[in-house]
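Here's a quick tour of a few local features worth pulling up in your viewer. Have the structure open and follow along.

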Amino acid sequence: MRTTTLIIGAGQAGLAMSRCLTDRSIDHVVLERGEVANSWKTERWDSLRLLTPNWQSRLPGFGYEGDDPDGYRTMPETIAFLERYAEVVAAPVRTNTRVKSVRQSDDGYQVVTDQGDWQCQAVVLATGACNIATVPALAQAVPAAINTLTAMQYRNPEQIEKGGVLVVGASATGTQIADEIHRSGRPTTLAVGEHVRAPRVYRGRDIEWWMDAAGVLDDRYDEVDDIARARRVPSLQLAGSVERRTIDLNSLTAIGVKLIGRLAHVSLGDGKAQFSGSLRNQCALADLKMNRLLDRIDEWATENGLDDQVEPSHRFEPTEVEASPPLGLDLNSGEIRTIIWATGFRPDYSWLDVPVLDRKGRIRHDGGVVESPGMYLMGIPFLRRRKSSLIDGAGDDARDLSAHLASYLHRAGRS
Amino acid sequence: MATSKKQVDNGVNVEALLGARKALTEAPEGAKFQWRATCKWVYGTHSRSSIHGYFGLGEEHKHKTEFTFEADHPEVFASEDKGAAPVEMVLCGLASCLTAGVAAVAQHREIQLRSVSATLEAGMDIQGILGIDSDVRNGFDGIKVTYKIDADATPDEIKAVVAQSQKRSAVYDIIANPTNITVEVS
């Protein structure tokens, strides 16, 4: 089978790219291992809502049509939204088609799938940033009597044995899961490493509204100070809920979740877990970083004459850390029955047989233009803009990269 | 970050450090260092440590001179107090590491420092080292570092420099996180 461009992955990134290629009359096919919005369907916990408000899912030629622009979509709503988008843009999606390898060929790329082979001139990798749950190496030393699961395997508290739970990781995923599990009556301890604190609502508006309006989400990859660092920054500690609740370390402490330092070591055999003494600094870093974001928002509000229209500027209470947080836990004592790894996700490129990975297994690219000519990457953190990994970021990236792709095909056609 | 060239001089060659970071990103083998110390018992609890050679950037190096450090214990430990106690030297290591980081981060952020001083306090219940109570650990029960910094920056910018210094500090990491130790007798 032959097409000009293959898009791998039918999530928001792949669908937005499909729409942009259609606009440019570039022949293409979207390959999807499962169904449209597959990761949203199969790899998320039950209560999860999008972290961005409904109005903020603007895709090329499509947007929110309902009457709750400030709400946060449930997973079924997110799936329905993307399914509808696939229909509206008439994306040529081949579902249940798993890519087994992508390799260079004489005139582009050969893509082998479990539903036959494809030949194409250009290929767009839109398989997402969160294919595999990262589990630290020290997980090997956790006693066998402890149940362990990743954030990707977690569905709801009922799935978990009664008793104490250790959630490792305090970004958006870890904080939400800790909140839900602790409220279910399972005493929860949260191991906190580097994290990014942000309030759900600031001065009466959603933080995402501010970041969008003030241009924070449009910060470009080729203009920020240290893009390698910016791409590694963890997700904002946000949650989507009907009540627009802020879930942060203070709100977790208030309901009785115990904060502890980053999980540093588990000794094989005796099951003693050790936690870093850096909790206070991790929290100080996050508070300071949040305040810099709020400073930027305040400056923007003043410059744009908004100060009279929104609530006054203020700062949130610093994160409270107990005087001497514990540094150790005996995993054999029975206090902890379950460990949940909320230690991040990474992409899976095991099927990519093109030498474009760096020594850490990341694709080498310049704003989504991969080193290998005619290959493009989408949907990873800060690909081209701070919003690149958001649904709302797929559109601008698809517009930019489809323009590059079109000129690549044009040049290739002439040579 | 501002791109304007402010005249900030904390005496840290940030360009060289950034250059090294770039070079070592491409050649990570060169980033592998080994630090060394030797120590000789003198008499009683008095010992003398020496620092001279180290390995890094793929080859052997030597400090310009050999540095020596006297360590002992104070008279309340029935010692002769011929040098700082080893636990105090740990505090020196932490203070120097954090302070070097403060200077470097401030330079990178174009913040002129006028004065930086740190006071370190570490509590210890010596029932641990004396073997009186096995529930008491030998080491510190906590370390408190208090910085006084006069600099050309807002209080939050200064706090951010100190926080970033902790985040990048080797000695902070060595103290805050476990490290495997192998002690052999040859």
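## Aromatic contacts

Is Y202(A) buried or exposed? Y202(A) is buried, with a relative accessible area of 0%. Keep in mind that this is a predicted model.

Across all chains, the count comes to 12 aromatic pairs. Take Y202(A) and F316(A): their ring centres sit 6.2 Å apart with the planes at 50 degrees, so the pair is tilted. Y202(A) belongs to strand β13 (residues 201-202) of chain A, while F316(A) is in the loop between α8 (279-303) and β19 (328-330) of chain A, so the pair ties together parts that are 114 residues apart in sequence. Unlike buried Y202(A), F316(A) is partly exposed, at a relative accessible area of 26%. Both rings belong to one aromatic cluster, formed by Y202(A), W209(A), W210(A), W300(A) and F316(A).

## A negative patch

On the surface, D67(A), D68(A), D70(A) and E77(A) gather into a patch of negative charge. If you want a starting point, go to D67(A), in the loop between α2 (38-42) and α3 (75-88) of chain A. D67(A) is exposed, and its relative accessible area is 77%.

## Positive phi without glycine

Which backbone angles might catch your eye? A37(A) isn't a glycine, yet it has a positive phi of about 65 degrees. A37(A) sits in the loop between β2 (28-31) and α2 of chain A, and A37(A) is buried, with a relative accessible area of 1%.

Over in chain B, L57(B) has a phi near 55 degrees, again a positive value in a residue other than glycine. Look for L57(B) in the loop between β2 (46-56) and β3 (59-71) of chain B.

Key. Residues are numbered from 1 along each chain as its sequence is written. Chains are lettered from A and ligands numbered from 1 in the order in which they are written. This is a predicted model: local features need pLDDT of at least 70, side-chain atom pairs count only at pLDDT 80 or more; totals for chains, interfaces and linings use all residues. Side-chain values use heavy atoms; hydrogens and water are left out. Patches are made of residues with over 30% relative accessible area and no salt bridge: like charges are joined within 9 Å, nonpolar side chains (Val, Leu, Ile, Met, Phe, Trp, Tyr) within 5 Å. Accessible areas come from the Shrake-Rupley method with a 1.4 Å probe; for residues, only the protein chains shown count as cover. A salt bridge is a side-chain nitrogen of Lys or Arg within 4 Å of a carboxyl oxygen of Asp or Glu. Lys and Arg count as positive and Asp and Glu as negative; His and the chain ends are not counted. The place of a charge is taken as NZ of Lys, CZ of Arg, CG of Asp or CD of Glu. Helices (H or I, at least four residues) and strands (E, at least two) are DSSP runs, numbered from the N terminus. Buried means under 20% relative accessible area, exposed over 50%, partly exposed in between (1.4 Å probe, protein chains only). Rings of Phe, Tyr and Trp (its six-membered ring) pair if their centres lie within 6.5 Å; planes under 30 degrees apart count as stacked, over 60 as edge-to-face and the rest as tilted.
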